[in-house]
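Open the model in your viewer and keep the sequence panel beside it. The stops below are given in the order in which to select them.

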Amino acid sequence: MSGARDAHGAVNTVWKLESARIIAGLTRMVRDVGLAEELAQDALVAALEQWPEQGVPDNPGAWLMTTAKRRAIDHIRRQERMGRKHEEIARTLERQDLELDDDVLRLMFISCHPVLPPEERVALTLRLLGGLGALEIARAFLVPEQTVSQRIAKAKRTLTKEQVPFELPPGPELADRLTSVLDVIYLIFNEGYSATSGDDLMRPSLALEALRLGRLLAELAPREAEVHGLVALMEIQASRAAARTGPSGEPIQLHEQDRGLWDQLLIAGGFAAMLRAREAGGPLGPYVLQAAIAVSHAQARTADDTNWAQIATLYEALVRLTPSPVIQLNRAIALGMAHGPQAGLDLVETVTADPALKDYHLLSVVRGELLARLGRHDEAGKDFERAAALTGNAAERAFLLKRAATGAAQAHSTQAGITLGEAAEGFLARGDLNAETIRSYGQTLRRLRLDLGPGTPLADVTAGKVARVFAVVWGTAAPKTWNRHRAAVRSFSSWAAIEDLSAELDRKPESRERRPAVYGPDLEALWRHPSLRERTLWRLLHESGASAKAALSLNIEDLDLTAGRGRVTTRTGQVWISWGYGTAALLSELVAGRTRGPLFLADRRPAPARRPKPADLCPDTGRGRLSYERAEYLFKKAAGHTLHQLSSVRRQISRVTCPVSRE
């Protein structure tokens, strides 16, 4: 049973990595992308049938390619295309994989052909080059699976009907066709980076897939500056992912982001891609210019250090190259930061009548931001309300509605005296606070500024308003967390010499009693969580009764998958953690060919300045060990409980079935 699971896991992994090359090679043979995918799927089915019994071959990618080519030859023979066609096949097989990279590039140009509408290009690209199924694509774009299947099928029919050749475009057409490929990749990235609909602000899987496709294209077309420009743009934008949302998923604007959370490894990759774009030479294209803007943001140590004048100049060049009301809108932001909000608002007013922006919610967002900076809060609130009505993303809508409410409150205030934001900055700038205290107090005050508005006069902030924020944000938090934020408010009130803003916040008793374990429907919901890593960790804790810190310290080389246990070293000696069938079924897939390093890995590679200890770094992937703090946050977000509550289930039920024993 375990061998079959291992074989199926190997098939899935190889298909993800090699499907584009296999389909591309077959398309060169049969000249029909739809037929090529069917033949590749036949080879996949053969692998699923044979590998569990015969074992995974030494070179599984080559096995799939050879099997698929044999099916292509059988098909051609059945079609009675003999003679010259067989000679061509023989030459193809003799060349083996020498043209595979060119084939993948040709496949990119076909799947992104201008004859297809944008939504079909995206679906076909993710299918052929990303190896994603219709269901995966449908989940990513929040559309029915049938819709995606229809788009893919229609795209294949169109390519066949139009007899689109499997070849690289001739010289004069290459630039235009390359732009279509780049636009599709960036469209996929943008949907992952700023989701147009759904509950979450981002869909990281789509952004990562677009980044993979961009890097692949850069390898296939190394002399195209625009390709490297797009990769640089995506690398730097992706580096901000961890800083773009708060604890509740609310958006955090660029100038308010904690730049310490930006992924320095991705930024370095973006800088390197930008250098390659410059080395490629040629006139500056739109993606190179956009990448230059991203580089300018990434080079600023703080938001105040941003060279807005330079960014405004780059946007001006971009507008001349690619006239677009959306680019003008971005230029207005830069002008507003470089030369004052009125300069930006004047430019915004020139594009408000453009029909292309009639339902573009970011037009109202930009206008609202500039109006708020000018002190015209009533008008700004109305723009934020309009933007909230136009966006399809729930997280963004909630954020904009709060901005609208803040604008309305500020419009009716006296606007006199120091603001909440100014007071908070002064409080955190004190010289008698250590870094840990500043971080803790900063969390509390950032939330108050977000919910009450940084521009709200401090005199208008009352204990009642603060209590309402606490009830919404920390009402279900642990007593210790509630009391920590309450203490921060009391300290702030004392420093600012105002009424005690914590007056309506009672201190909660910090009981040492164990919270109830997770049971029933809550558990079943956890086992359906989409993340394999989280699902495996939670299952392991539930079945073993081990502590979360012990489970997170597991290394792959210390696992005994046959016996269903793993060894960890603690202060008191070595401990064996044993698990049940549910965990065993997930572990082989989680390990996925890795032979050493931490079992549970972080989401991405660590920045050079934050490199973990060698024992906490996976030598195969370069990623570090998943931290307890991150694991606890993810579990609270998914279940509203603590990891201790999950592991205590087994302790309460039985210590015999899945014991934690000492060697």
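Begin with the whole chain shown as a surface. Its accessible surface comes to about 33000 Å², and carbon and sulfur atoms account for 52% of that. Keep in mind that this is a predicted model. Of the 663 residues in the chain, 49% count as buried. Switch to a cartoon view, where 29 helices and six strands make up the chain. Among contacts with a separation of 6 or more, 65% are between residues 24 or more positions apart.

**The nonpolar core**

Select Leu26, Ile185, Ile188, Leu217 and Met234. These residues have the most contacts inside the largest nonpolar core, which has 111 residues. Apart from that core lies another, of 31 residues; to find it, select Ala551, Leu586, Val591 and Leu599, which are among its members.

Go back to Ile188 and show what surrounds it. Leaving aside neighbours within four places in sequence, Ile188 is in contact with Val122, Thr125, Leu126, Leu206, Ala210 and Leu213.

**Helix α6**

Next, select residues 118–128, which form helix α6. How many of its eleven residues are buried? Eight are, and the helix is mostly covered. The buried residues of α6 are Glu120, Arg121, Val122, Ala123, Leu124, Thr125, Leu126 and Leu128. Val122, Thr125 and Leu126 should already be on screen, as they are among the contacts of Ile188.

**Arg31**

Move to Arg31, in the loop between α1 (2–30) and α2 (33–54). Arg31 has a relative accessible area of 47%, so it is partly exposed, a class that ends at 50%. Now add Val164 and draw a distance between the two C-alpha atoms. Arg31 and Val164 are 133 residues apart along the chain, and their C-alpha atoms are separated by 9.1 Å.

**Pro341**

Select helix α16, residues 341–351, and pick out Pro341 within it. Is Pro341 buried or exposed? Pro341 counts as buried because its relative accessible area is 15% and the cut-off is under 20%. Display its surroundings: not counting residues up to four places away in sequence, Pro341 touches Gly336, Leu370, Arg373 and Leu374. One of these, Arg373, is 32 residues from Pro341 in sequence, with 6.4 Å between the two C-alpha atoms.

**The cavity**

Select Phe399, Lys402, Arg403 and Leu450, which line the largest cavity. The structure holds one cavity of 30 Å³ or more. About 30 Å³ of space lies in the largest cavity. Which helix gives the most to its lining? Helix α19, residues 394–411, does, with three residues. Colour the lining by residue class, and two nonpolar and two charged residues appear, with no polar ones.

**His542**

For the last stop, select helix α25, residues 532–544, and find His542 in it. The relative accessibility of His542 is 11%, so this residue counts as buried, being under 20%. Add Gln645, which is 103 residues from His542 along the chain, and draw the distance: the two C-alpha atoms are separated by 9.2 Å.

Conventions
Residues numbered from 1 in each chain as written. Predicted model: local features only at pLDDT ≥ 70, side-chain atom pairs only at ≥ 80, totals over all residues. Heavy atoms only, no water. 1 Å grid on protein atoms, 1.4 Å probe; cavity = no way out; pocket = protein on both sides within 12 Å on 5 of 7 lines; lining within 4 Å. Points joined across faces, edges and corners; volume = space filled by probe spheres on them. Helix = DSSP H or I, 4+ residues; strand = E, 2+ residues; numbered from the N terminus. Nonpolar A, V, L, I, M, F, W, Y, C, P; charged D, E, K, R; others polar. Core = buried A, V, L, I, M, F, W, Y, C linked by side-chain atoms within 4.5 Å. Buried < 20%, exposed > 50% of the residue type's maximum accessible area, 1.4 Å probe, protein only. Contact = heavy atoms within 4.5 Å. Areas by Shrake-Rupley, 256 points an atom, 1.4 Å probe, with all protein chains shown as cover.
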